[in-house]
Amino acid sequence: MAAKDVAPAVLLMSNGHSRMPAVGLGVWRMDKADVRGLIHAAIRQGYRHFDCAAKYQNEAEVGDALAEAFECGLVKREDLFITTKLWNSDHGHVIEACKDSLKKLKLDYLDLYLIHFPVASRHTEIGTVASVIGEDGVLDIDTTVSLEATWHAMEDLVNMGLVRSIGISNYGVFLTRDCLAYAKIKPAVNQIEMHPYFQRDSLVKFCQKHGICVTAHTPLGGSTANAKLFGSLSCLDDPVIKELAEKYGKTPAQLVLRWGLQKNAVVIPKTSKVERLQENLELFDFDISDEDMEEIKAIDKNQRSNQPAKFWGIDVYS
């Protein structure tokens, strides 16, 4: 039996031929053993957008789940929007890395391929997604590979028909501006951390002004997981969020995701619980008032909850 298609909102990207569902399912931290069940349940509930990455190290499991879904008629490939990402250690090997991801995902093409971080690190082996740390405890950054060279290799993927759209991730205003200056194919998307405690207003405005769709990763602020890992605060526990959620008869997570949609961003919440899948889709039966959007704006803490410096020994955002 084919799955229902209930995700009602899509954003047309600037290249004009790719429509990205406004709500997707992120597979970061999704255990390999849980992937099949969660992907199939998500498709049945109406998800058509899945956000993957080589670094998540579960592309093969996602690929198996998708192949089974196609084979049994649960959904058609052309009805899905699949994103994955180039890892730092493969900046000098873009084509090989993309083909490796396609092989694992069992796909002929990607809807969107992103540069995961604006930094090239020492290459090890395709698919190993290593982050080599030097004897000084600092990430071994490869200074011979420029972001411009990486981008032009990404453009080659479009010309080869391996990907339909290309984009960037974790780029700030200046790096995004530089990419626009040297790009022959403009980035369709900038995927950034964005939530009420890290609203990124200037970056969002810049991207949208220049026709770059913003996708909010960590749209719930990482919740309990990032609080434990990085010591960050969860916006879901904020009194303003809780009060407004109660006002609208929604959960704090639904309110925060709706806030992201009303900022004209795509949201890709992650969950490992089947019961949360439907909750994270029920975002289109209410609107947050302008007054309440302003109240949420006032709780911004400029707090990045995902801090790779903890592992890399260097803050690449500095």
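Glutamate 291 has its place in helix H11, and in this predicted model its relative accessibility of 64% puts glutamate 291 among the exposed residues, because that class begins over 50%. Glutamate 291 also belongs to a negative surface patch, whose other members are Glu243, Glu246 and Glu295. The elements that contribute two or more residues to this patch are helix H8, spanning 239-248, and helix H11, spanning 290-297.

Helices H8 and H11 are also joined by a pair of opposite charges, since lysine 247 forms a salt bridge with aspartate 292 in which the closest N and O atoms are 2.7 Å apart. Because lysine 247 lies in helix H8 and aspartate 292 in helix H11, this pair ties together parts that are 45 residues apart in sequence. The two partners differ in their surroundings: lysine 247 counts as exposed, at 54% relative accessibility, whereas aspartate 292, at 3%, counts as buried.

Side chains of opposite charge can pair when their charged atoms come close. Counted by the rule used here, the model has 13 salt bridges. One salt bridge joins aspartate 64 to lysine 106, with 2.7 Å between the closest N and O atoms. This pair links distant parts of the chain, as aspartate 64 sits in helix H2 (residues 59-71) and lysine 106 in the loop between helix H3 (94-105) and E6, 42 residues apart. Aspartate 64 itself is partly exposed, with a relative accessibility of 41%.

A salt bridge within a single helix is provided by glutamate 279 and arginine 276, whose side chains meet at 3.9 Å, N to O. Both residues lie in helix H10 (residues 274-279), and because they are three residues apart, about one helical turn separates glutamate 279 from arginine 276. Here, too, the partners fall into separate accessibility classes, with glutamate 279 buried at 18% and arginine 276 partly exposed at 37%. Elsewhere, the charged residues Asp201, Lys205 and Lys263 are linked in a network of salt bridges.

Turning to the annotated position, the unreviewed UniProt entry carries a "binding site" annotation that covers His116. Histidine 116 is placed in the loop between strand E6 (112-115) and helix H4 (147-159), and its relative accessibility of 7% makes histidine 116 a buried residue, because the buried class lies under 20%. The loop between E6 and H4 is also the place of valine 129, a residue other than glycine whose phi nevertheless has a positive value, near 40 degrees. Valine 129 counts as buried as well, with 3% relative accessibility.

A positive phi is likewise found at threonine 218, another residue other than glycine, where the angle is near 50 degrees. Threonine 218 lies in the loop between E9 and helix H7 (223-230), and at 11% relative accessibility threonine 218 counts as buried. Histidine 217, for its part, is found in strand E9, which covers residues 213-217, and histidine 217 is buried too, with a relative accessibility of 11%. Measuring along the chain, histidine 217 and aspartate 178 are 39 residues apart, while their C-alpha atoms are separated by 22 Å.

How values were computed. Residues are numbered from 1 along each chain as its sequence is written. This is a predicted model: local features need pLDDT of at least 70, side-chain atom pairs count only at pLDDT 80 or more; totals for chains, interfaces and linings use all residues. Side-chain values use heavy atoms; hydrogens and water are left out. Patches are made of residues with over 30% relative accessible area and no salt bridge: like charges are joined within 9 Å, nonpolar side chains (Val, Leu, Ile, Met, Phe, Trp, Tyr) within 5 Å. Accessible areas come from the Shrake-Rupley method with a 1.4 Å probe; for residues, only the protein chains shown count as cover. A salt bridge is a side-chain nitrogen of Lys or Arg within 4 Å of a carboxyl oxygen of Asp or Glu. Lys and Arg count as positive and Asp and Glu as negative; His and the chain ends are not counted. The place of a charge is taken as NZ of Lys, CZ of Arg, CG of Asp or CD of Glu. Helices (H or I, at least four residues) and strands (E, at least two) are DSSP runs, numbered from the N terminus. Buried means under 20% relative accessible area, exposed over 50%, partly exposed in between (1.4 Å probe, protein chains only). UniProt positions are given in the numbering used here, feature names are shortened, and annotations may be inferred rather than shown by experiment.
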